[in-house]
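This report looks at how a protein chain is put together, beginning with a contact between two charged side chains and moving outward to the sheet, the helices and the nonpolar interior. Please keep the sequence and the model at hand while reading.

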Amino acid sequence: MSHETALTRVSATELAARVRDGDVTATEAVEASLERIDDRDEEINAFVTVCAADAREAAAEADRALEAGEDVGPLHGVPLALKDLGALKAGVRHTFGSVLFDDYVAPETSAIVERLEDAGAIVIGKTNTPAFGHKGTTDNELVGPTASPIDTDLNAGGSSGGSAAAVAAGMVPIATGSDAGGSLRIPASACGVYGFKPTFGLIPGGGRPHTFGRQTHHITTGPITRTVEDAALLLSVLSGPHSADPASVPVEIDYRDAVGRSIDDYRIAYSPDLEVFPVADDVRAVVEDALGAFEAAGATVERVSIDHGYSMAELTDTVTSTYATAMLESATLVEEVHGIDLRDHPDEVADSLLAMIRGGETVGTEDVARSTLVRTDVFEAVADVFAEYDLLVTPTLSRVDVELDEDLATDAWEWPLTWPFNWTGHPAASAPAGLTDRGHPVGIQFVGRRFEDDAVLAGSSALERERPWDRVSK
């Protein structure tokens with residue numbers, strides 16, 4: 001194994017420590033990442049933009065800082081990928097996954113990117129996403145689909161599919177994603193990595209001009225990593241209130257302390273399908289086998305019912321209206337800020353996105369008001385579980401055989417068991433549970449009480465200890 005290959009297999013935590021100790025230079029780390037992108041990305045298509053020159057310059061500066069004895073951050077010299085949606089870096093192309101913004105350059109750096117760079121991370125590039133993050137698979141008119149490195153005949157999932165694929169393929173150890181209905185957890189499951197959606201408010205958004213536009217599905221940013229320890233490290237860097245985000249909260253959580261914490265007193269609730277999702281037998285078998293890891297770690301696991309009282313059709317009707325409203329909001333903002341009406345560009349805008357926008361036009365204020373009743377009932381049903389249990393676990397996805405070019409958008413609500421927790425705002429993560437007989441990765445979803453993100457990390461860490469999932473693709 002070459003030195004460069006070895007560097008692409010270590011965690012961000014270990015890599016940062018080796019850079020600080022002088023065992024590896026930031027330049028070596030960045031060059032290994034760029035070489036891996038050259039080797040793998042033609043097949044996987046994880047990146048929209050690679051910032052090779054800027055990354056090399058930043059790495060050289062990082063090495064000079066260490067040579068000068070300067071204090072450095074916990075991610076010093078670690079290559080980082082940014083989802084090409086929301087995570088702006090001034091002066092770098094930012095496409096929103098849309099061919100209409102092929103030449104758009106970000107005028108400012110977002111709060112989360114500032115925090116990551118202040119911690120020493122080096123931006124390698126921007127990762128692929130469906131246009132404006134509108135669906136749970138990653139494909140667009142700009143660069144095409146992104147494949148799962150575990151099986152390149154399958155889609156990486158979305159909408160943070162480029163980030164998950166980049167991490168899974170060893171192109172970077174860490175990446176950002178965002179989650180409006182599962183967009184961190186879906187691709188984490190599809191690519192066999194770890195994706196964490198924090199409690200809404202812990203990581204600031206602060207985007208302009210839509211400062212108040214993240215609450216219909218509690219849209220939030222989060223990390224995609226190969227280890228739970230790395231996710232905890234990124235959460236410690238990203239979290240904290242910000243003056244630009246009125247929804248951000250001053251809640252302090254010791255994320256890193258949760259890694260390795262004993263769960264021998266945890267009571268874990270297991271729902272195989274949240275009562276209504278059509279979970280495939282091979283997925284259920286892998287998830288239920290993984291439950292043994294929690295018992296081995298000393299926790300109690302019990303099957304429960306989530307008594308929300310709705311059919312799949314009723315839940316789907318509700319989420320379709322609220323999500324379509326959110327996409328109409330995005331389209332309206334694009335028109336107001338950039339002077340582009342997406343509906344006037346049918347050749348450049350996906351039919352699935354246009355259908356969502358048109359669907360949003362049919363949703364009235366009364367429909368949105370009624371949706372809050374359903375969301376409240378789901379919230380109460382989940383709260384009832386947490387009155388007795390420390391964690392809720394479910395499959396992340398109902399099936400794991402979504403092909404590379406398969407179009408899953410407006411009719412795909414039965415696929416991910418993720419979006420109910422964007423309604424409720426609870427922290428949720430997807431961790432690798434194992435592989436099906438066909439070698440497809442299966443994710444297990446952890447859900448915790450609001451602002452008990454550390455419990456989700458502790459449960460995830462216990463699974464990782466009992467059943468290590470290091471699966472960097474060759």
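The side chains of lysine 135 and aspartate 407 meet in a salt bridge, with 3.2 Å from N to O; the term stands for a side-chain nitrogen of Lys or Arg within 4 Å of a carboxyl oxygen of Asp or Glu. Lysine 135 belongs to the loop between strand 3 and strand 4 (147–148), and aspartate 407 to the loop between strand 11 and helix 14 (420–424), so the pair ties together parts that are 272 residues apart in sequence. The model is a predicted one, in which local features need pLDDT of at least 70 and side-chain atom pairs count only at pLDDT 80 or more, while totals for chains, interfaces and linings use all residues. Residues are numbered from 1 along each chain as its sequence is written, and side-chain values use heavy atoms, with hydrogens and water left out.

**Charged pairs**

Side chains of opposite charge can pair when their charged atoms come close. By the rule above, the count comes to 23 salt bridges, and the table gives some of them.

| Salt bridge | N to O distance |
|---|---|
| Lysine 135 and aspartate 407 | 3.2 Å |
| Aspartate 257 and arginine 261 | 4.0 Å |
| Arginine 343 and aspartate 341 | 3.0 Å |

For the surroundings of these residues, buried means under 20% relative accessible area, exposed over 50% and partly exposed in between, with a 1.4 Å probe and protein chains only. Lysine 135 is buried at 10%, whereas aspartate 407 is partly exposed at 48%. Aspartate 341 is buried, with a relative accessible area of 17%, and arginine 343 counts as partly exposed at 24%. These two residues also take part in a network of salt bridges that links Glu335, Asp341, Arg343 and Glu361. Arginine 261, for its part, is partly exposed, with a relative accessible area of 25%.

**The sheet and the helices on it**

Helices (H or I, at least four residues) and strands (E, at least two) are DSSP runs, numbered from the N terminus, and two strands pair if DSSP finds at least two bridges between them. An open sheet of 11 strands follows the order 1-3-2-6-8-7-12-13-11-9-10, and its pairing is mixed. Strand 1 (47–50) and strand 10 (300–303) stand at the edges with a single partner strand each, so one side of each is left without a neighbour in the sheet. Within the sheet, strand 2 (residues 79–83) pairs with strand 6 (residues 174–179) in the parallel sense over two bridges, and leucine 80 stands opposite isoleucine 174 in strand 6.

Helix 4 (residues 52–67) packs on the sheet and touches strand 1 and strand 3 (122–127), its direction making about 160° with that of strand 3. Such angles run from 0 to 180 degrees between N-to-C directions, the axes being lines fitted to C-alpha atoms, for helices over the stretch in contact. Contact here means heavy atoms within 4.5 Å. Helix 15 (residues 453–466) lies across strand 7 (194–197), strand 11 (391–395), strand 12 (428–435) and strand 13 (441–448), and runs at about 145° to strand 13.

Strand 4 and strand 5 form a hairpin with two residues between them; these strands run antiparallel and are joined by two bridges, with serine 148 opposite aspartate 151 in strand 5.

**The nonpolar interior**

Which residues have the most contacts inside the largest nonpolar core? They are Tyr194, Phe294 and Ile444, in a core of 105 residues. A nonpolar core is a set of buried Ala, Val, Leu, Ile, Met, Phe, Trp, Tyr and Cys residues joined through side-chain atoms within 4.5 Å. Leaving aside neighbours within four places in sequence, phenylalanine 294 is in contact with several residues, including Ile263, Val393, Ile444 and Leu463. Apart from the largest core lies another, of 28 residues, among them Ala26, Phe47, Ala168 and Val193.

The buried residues of helix 5 (residues 111–118) are Ala111, Ile112, Val113, Arg115 and Leu116, and what covers them includes strand 2, strand 6, strand 8 (220–225) and helix 8 (228–238). Helix 5 is followed by glycine 120, whose phi is positive, near 105°.
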